[in-house]
Amino acid sequence: SSYFGPSFSRAQEESQTSKMSQVEDESEVPASLAAEEEDADHEDDEEDEEDEEVDKEDEPARSKAAVPPAPVKKTKKDSLDKKRFKTSTKAGLCFPVPRLRKSLKEGGYAKRIPIGGAIYLTAVIEYIVAEILELAGNSAKEQKKNRIIPRHIQLAIRNDEELNKYMSNVTIQGGGVIPNIHTVLMPNKNQPKGGAAGASGSFSQEY
């Protein structure tokens, strides 16, 4: 060092300090990388645990799905209800079409009863019932009632010209009668009271 002088010694010291700083930097970088690797490994472990938990939860569902459900026995009633609902819905009606067709078959009106005849009859009956209920509801509203009784149905039918003609021979139980006084029973306004009484008295005396 005495031969090269103080400048050489300073250069050696600076080179040594730079080498030490590089070593420290190299030692710090792997430490940070190691920390990142540890965090990544920890996250991977957590994901594996979550996957295992999900698999455990899915096992009962898989076992249930693997077991086929017990076959449901279809009864005759279910098939008839489905058919009745289907036929009435296709025709756009509320009344049951198969029930009326069954009644037509049991009545023996013809050898064969096609489905079209049953649908037509069902539509006619539904229309008549709807008309009567509409008029009976109006009659109930006029009397400030919330329930339709046979009296309202009687008034609805007898006050309608077409329904009265159609159901002229029908007697409704509990319907009562239409308030009406015959013209013959009404008093004659033009005839004086005394003349009518004298005439009746003279006839009674003659006999």
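This passage walks through the fold, the helix packing, one pocket and a few individual residues of a predicted model.

The protein is helical throughout its regular elements, with seven helices and zero strands. Read from the N terminus, the order of elements is α-α-α-α-α-α-α. The chain has 207 residues, of which 12% count as buried. Among contacts between residues at least 6 apart in sequence, 35% join residues at least 24 apart.

Helix 4 is a good place to begin. This helix covers residues 115-142, and its 28 residues should span 40 Å at 1.5 Å a residue; the C-alpha atoms at its ends are 41 Å apart, which agrees with that expectation. Along helix 4, the buried residues are A118, T122, E126, I132, A136, G137, S139 and A140. The cover over these buried positions includes helix 3 (97-107), helix 5 (150-158) and helix 6 (161-166).

S139 offers a view of how helix 4 meets its surroundings. This serine sits in helix 4 and has a relative accessible area of 9%, so it counts as buried, the limit being under 20%. Leaving aside neighbours within four places in sequence, S139 is in contact with H152 and L155. S139 and H152 are 13 residues apart along the chain, and their C-alpha atoms are separated by 5.8 Å. Both contact partners of S139 appear in the list of buried residues of helix 5, which reads H152, Q154, L155, A156, I157 and R158. These buried residues of helix 5 pack against helix 4 and helix 6.

Beyond the end of helix 4, the backbone shows a detail worth a look. Helix 4 is followed by K144, whose phi is positive, near 60°. K144 has this positive phi although it is not a glycine. The residue lies in the loop between helix 4 and helix 5. With a relative accessibility of 78%, K144 counts as exposed because the value is over 50%.

The largest nonpolar core brings several parts of the chain together. Its five residues are I132, I157, L163, M167 and I172. Of these, I132 is also among the buried residues of helix 4, and I157 is among those of helix 5. M167 touches I132, I157 and R158, when residues up to four places away in sequence are not counted.

Residues in the loop between helix 6 and helix 7 come into the picture next. I178 is found in this loop; at 30% relative accessibility, I178 counts as partly exposed, since the value falls between 20% and 50%. Apart from neighbours within four places in sequence, I178 is in contact with Q154, L155 and R158, and these three residues are among the buried residues of helix 5. The C-alpha atoms of I178 and L155 are separated by 7.0 Å, although the two residues are 23 places apart along the chain. S168 has its place in the loop between helix 6 and helix 7 (193-206), and is partly exposed with a relative accessible area of 46%. From S168 to R158, the C-alpha distance is 8.6 Å, with their positions ten residues apart in sequence.

Turning to the pockets, the second largest one holds about 180 Å³ of space. Helix 4 and helix 6 are the elements that give two or more residues to its lining. The lining consists of Y127, I128, E131, L135, D160, E162, L163 and Y166. Helix 4 provides the largest share of this lining, four residues. By class, the lining has five nonpolar, no polar and three charged residues. One lining residue, L163, is also a member of the largest nonpolar core.

A last residue, T87, lies in helix 2 (residues 76-91). T87 counts as buried because its relative accessibility is 18%, under the 20% limit. Not counting residues up to four places away in sequence, T87 touches V97 and I115. Of these partners, I115 falls within helix 4, which runs over residues 115-142, and V97 falls within helix 3 (97-107).

Conventions: Residues numbered from 1 in each chain as written. Predicted model: local features only at pLDDT ≥ 70, side-chain atom pairs only at ≥ 80, totals over all residues. Heavy atoms only, no water. Core = buried A, V, L, I, M, F, W, Y, C linked by side-chain atoms within 4.5 Å. Buried < 20%, exposed > 50% of the residue type's maximum accessible area, 1.4 Å probe, protein only. Contact = heavy atoms within 4.5 Å. Expected span 1.5 Å × (residues − 1). 1 Å grid on protein atoms, 1.4 Å probe; cavity = no way out; pocket = protein on both sides within 12 Å on 5 of 7 lines; lining within 4 Å. Points joined across faces, edges and corners; volume = space filled by probe spheres on them. Nonpolar A, V, L, I, M, F, W, Y, C, P; charged D, E, K, R; others polar.
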